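Let's take a walk through this model together. Keep the viewer open and follow along as we go from domains to chains to charged pairs.

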Amino acid sequence: MTIDIQGISKRFGTYAALQDINLRVGAGELVALLGPSGSGKTTLLRIIAGLETADSGTVLFEGEETLNRHPRDRRVGFVFQHYALFRHMTVFNNVAFGLQVRPRGQRPPKAEIAERVHRLLKLVQLDWLADRYPNQLSGGQRQRVALARALAIEPRVLLLDEPFGALDAKVRKELRRWLRHLHEEMGITSVFVTHDQEEALELADRVVVMSQGRIEQVGTPGTVYRTPSTGFVYEFLGDVNRVECRVESGQVLLEAGGTPLGGAADHAGPAILYVRPHDIELLPPDERLGAATVRLVHEVGPVTRAEVEYAGTLFEVVLPEGGRVPAQGELVRLSIRRGMLFPRERDPGEPPRPFLPFRSGGPTPAVNLGPHTAGMG
Amino acid sequence: MTGLVLKRPSILPGFGLTLGITIAYLSLVVLIPLAALAANAAGLGWSGFWNAVLTPRVLAAFRVTFGTSLAAGLINAVFGLLVAWVLVRYEFPGHRIVDALVDLPFALPTAVAGIALTALYAGNGWIGGLLEPMGLKVAFTPLGIVVALTFVGLPFVVRTVQPVLQDLEAEQEEAAAVLGAGRLQTFLRVILPAILPALLTGFTLAFARALGEYGSVIFIAGNLPMVSEIVPLLIIIKLEQFDYAGATAIGTLMLMASFALLLAINLLQRWTRARHGG
């Protein structure tokens with residue numbers, strides 16, 4: 001089933017929660033609404049479910065207007081962040097609820113309900129807990145019960161609001177993988193809300209990055225990660241250095257001056273350079289090119305990070321695995337291999353400029369890098 | 001030796017001290033006076049006790065007291081729930097005032113309430129004047145007692161249900177709606193079971209309060225023996241006739257009946273709580 005969201009706007013008082021949202025979710029797709037809190041992602045999800053009304057715009061299910069339908073007639077499966085399980089009902093009755101409340105004519109017979117509930121509980125691997133109450137389960141188990149309950153009504157659309165938000169890191173990872181499998185098996189059109197970029201990138205077919213009630217970018221996980229179309233997306237997806245700079249005669253310079261960091265085509269004036277920490281290389285210092293100072297080195301699990309100061313600007317650098325780790329206070333030279341330039345003043349929708357790295361880390365021909373080179377490779 | 005069993009290591013301080021004070025306090029305030037009452041009644045001996053109690057007038061008073069208290073408790077359970085619901089779920093002008101009004105029956109001397117209600121519901125009162133032509137007599141009948149007891153017991157249900165309703169996440173109702181439940185189904189299957197323990201507590205408190213109520217009832221009841229005479233009044237009458245033994249006998253029976261009922265409700269409550277997984 002496809003979902004068409006057309007021109008949805010929503011205000012809470014003077015606060016614009018959503019502004020003219022247009023989005024199409026294809027049949028069987030798994031789409032992530034990704035954004036920080038206050039970006040409007042949960043509001044959008046609740047409008048699709050009918051738990052919130054939109055001020056303007058429409059939502060079409062398979063081309064059919066749905067906004068004027070009560071949530072109970074939409075056949076939507078909704079999984080709440082805090083599960084919202086019925087505390088006074090057993091797991092079995094929680095899952096059976098959607099079937100038991102059907103009008104007499106459409107209600108399946110008792111035996112069939114029982115059979116379907118057990119099948120669903122088997123699907124979420126909780127068949128053995130059917131007689132327990134929700135407060136006797138762990139967080140991950142509760143979330144799976146909530147999912148089984150949502151699936152029991154054979155929804156046309158599955159909506160998940162921060163489904164793993166309240167779980168600890170290990171369980172979250174497990175459930176994520178499991179949900180991906182489940183989606184591949186059942187093929188229900190699904191939309192889930194998350195503020196965790198890793199979750200969105202791993203799970204979704206397409207990611208919708210939202211900020212302040214607007215859609216910043218829509219694309220496959222690869223696209224939004226590799227070619228972010230706005231600075232916000234760049235910053236939100238993964239660690240990034242945000243460097244204030246200016247472009248003069250095709251060269252990118254720091255505000256404080258110093259040697260150019262690289263080149264840029266068709267732009268002049270102030271700009272912001274985005275560089276991922278692993279796209280910066282540390283080379284032995286070269287007096288002609290200006291030296292940077294290593295301020296801090298710290299290891300976090302498998303990666304080693306360094307904070308390097310260059311002409312008054314701090315850069316975060318991820319050092320390559322197995323390479324030489326510089327000492328604190330050591331002089332080095334920064335070489336930026338990849339980045340993206342966003343002119344300070346630009347029209348919305350105007351694409352960013354690519355950052356053109358200098359081939360061997362400097363504007364002059366390749367220099368002799370000395371004995372450190374092999375180690376820094 | 002028992003001291004050793006009670007003294008389990010615990011982070012919470014002062015178990016021995018607080019339990020000691022609790023028992024002493026309860027003994028002083030509740031147990032000793034009640035035991036004195038029972039001891040006094042025991043002076044009559046079994047046959048004397050039953051003779052004092054098993055008279056038609058006393059039994060009728062028991063029927064009136066328990067019947068009207070039960071009715072008032074049930075009415076309060078239904079409408080108190082409604083009031084609590086409105087106070088928790090909706091914002092409206094005068095919200096604070098309505099909220100404060102709920103406590104008024106606690107603060108008002110019950111005799112004042114009785115006089116006011118009697119003036120209203122008597123044949124020449126504002127409400128009584130409207131009801132009596134329709135053949136509905138409220139003042140000076142058991143119906144009047146129910147009205148007075150309902151007034152007195154109102155805050156109990158509202159104040160016990162209110163916090164529980166407040167804690168009930170709106171998400172549960174939303175979940176029910178998305179799963180296809182109608183409003184009535186959502187109320188009966190999701191909301192009511194969640195607040196049932198609190199509602200039962202409120203009902204019990206209102207009911208217990210009504211059993212012992214005296215001040216507001218005697219004005220509106222009319223106090224006709226066999227018809228609208230309540231047990232507390234009968235005890236006063238016996239005392240005024242210097243029939244202390246008779247008064248204590250009735251009091252003891254009242255005590256036993258009340259205790260049995262409250263215990264039963266408590267057990268029922270425990271059962272619902274256990275069933276609903278706390």
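What follows starts inside chain A, moves to its partner chain, and ends with salt bridges. Keep in mind that this is a predicted model.

Start with the way chain A is divided. The domain assignment splits chain A into domain 1 (3-235) and domain 2 (239-356). The C-alpha centres of these two domains of chain A are 40 Å apart. How many residues meet where domain 1 of chain A faces domain 2 of chain A? Eight residues from domain 1 of chain A are in contact with 10 from domain 2 of chain A. Together, the two domains of chain A bury about 820 Å², and carbon and sulfur atoms give 56% of that. On the domain 1 side, Y225(A), Y234(A) and E235(A) lose the most area, together 68% of what that side buries.

One of those residues is worth zooming in on. E235(A) pairs with R242(A) in a salt bridge, with 3.3 Å between the closest N and O atoms. The rule finds one salt bridge across this interface of domain 1 and domain 2 of chain A, along with four residue pairs in polar contact between the two domains. Helix 8 (residues 231-236) of chain A supplies the largest share of the domain 1 side, namely three residues. By class, that side of domain 1 of chain A has three nonpolar residues, four polar ones and one charged one.

Now swing round to the other chain. Here 24 residues of chain A are in contact with 23 residues of chain B. The area buried between chain A and chain B is about 2100 Å², with 57% of it on carbon and sulfur atoms. Again the rule finds one salt bridge, this time across the interface of chain A and chain B: R46(A) meets E174(B) with an N to O distance of 2.7 Å. Polar contacts between chain A and chain B come to six residue pairs. Which elements of chain A supply at least two residues each to the side that touches chain B? They are strand 6 (76-79), helix 2 (91-100) and helix 4 (139-152) of chain A, and helix 2 of chain A has the largest share with three residues. The side of chain A that touches chain B is made up of 14 nonpolar, six polar and four charged residues.

R46(A) also leads us to helix 1 of chain A, where R46(A) is among the buried residues. This helix (residues 41-49) is mostly covered, with eight of its nine residues buried. Right after helix 1 of chain A comes G50(A), which has a positive phi near 90 degrees.

Finally, look at the charged pairs elsewhere. Over all chains, the structure holds 33 salt bridges. In chain A, R69(A) and E64(A) form one at 2.2 Å between the closest N and O atoms. R69(A) is partly exposed at 25% relative accessible area, and E64(A) is partly exposed at 38%. K122(A) and D127(A) form another, with the closest N and O atoms 3.9 Å apart; K122(A) is exposed at 56%, while D127(A) is partly exposed at 24%.

In chain B, R89(B) and E173(B) meet in a salt bridge at 2.6 Å, N to O. R89(B) sits in helix 4 (residues 56-89) of chain B and E173(B) in helix 9 (residues 170-178) of chain B, so the pair ties together parts 84 residues apart in sequence. R89(B) is partly exposed at 24% relative accessibility, whereas E173(B) is buried at 19%.

Definitions and conventions
Residues are numbered from 1 along each chain as its sequence is written. Chains are lettered from A and ligands numbered from 1 in the order in which they are written. This is a predicted model: local features need pLDDT of at least 70, side-chain atom pairs count only at pLDDT 80 or more; totals for chains, interfaces and linings use all residues. Side-chain values use heavy atoms; hydrogens and water are left out. Domain bounds come from an automatic or database domain assignment. Contact means heavy atoms within 4.5 Å. Buried area is the accessible area (1.4 Å probe) that two parts lose on being put together, summed over both. A salt bridge is a side-chain nitrogen of Lys or Arg within 4 Å of a carboxyl oxygen of Asp or Glu. A polar contact is a pair of N or O atoms within 3.5 Å; within protein, one must be able to donate a hydrogen and the other to accept it, and residues adjacent in sequence count only if both atoms are side-chain atoms. Helices (H or I, at least four residues) and strands (E, at least two) are DSSP runs, numbered from the N terminus. Ala, Val, Leu, Ile, Met, Phe, Trp, Tyr, Cys and Pro count as nonpolar, Asp, Glu, Lys and Arg as charged, and the others, Gly among them, as polar. Buried means under 20% relative accessible area, exposed over 50%, partly exposed in between (1.4 Å probe, protein chains only).
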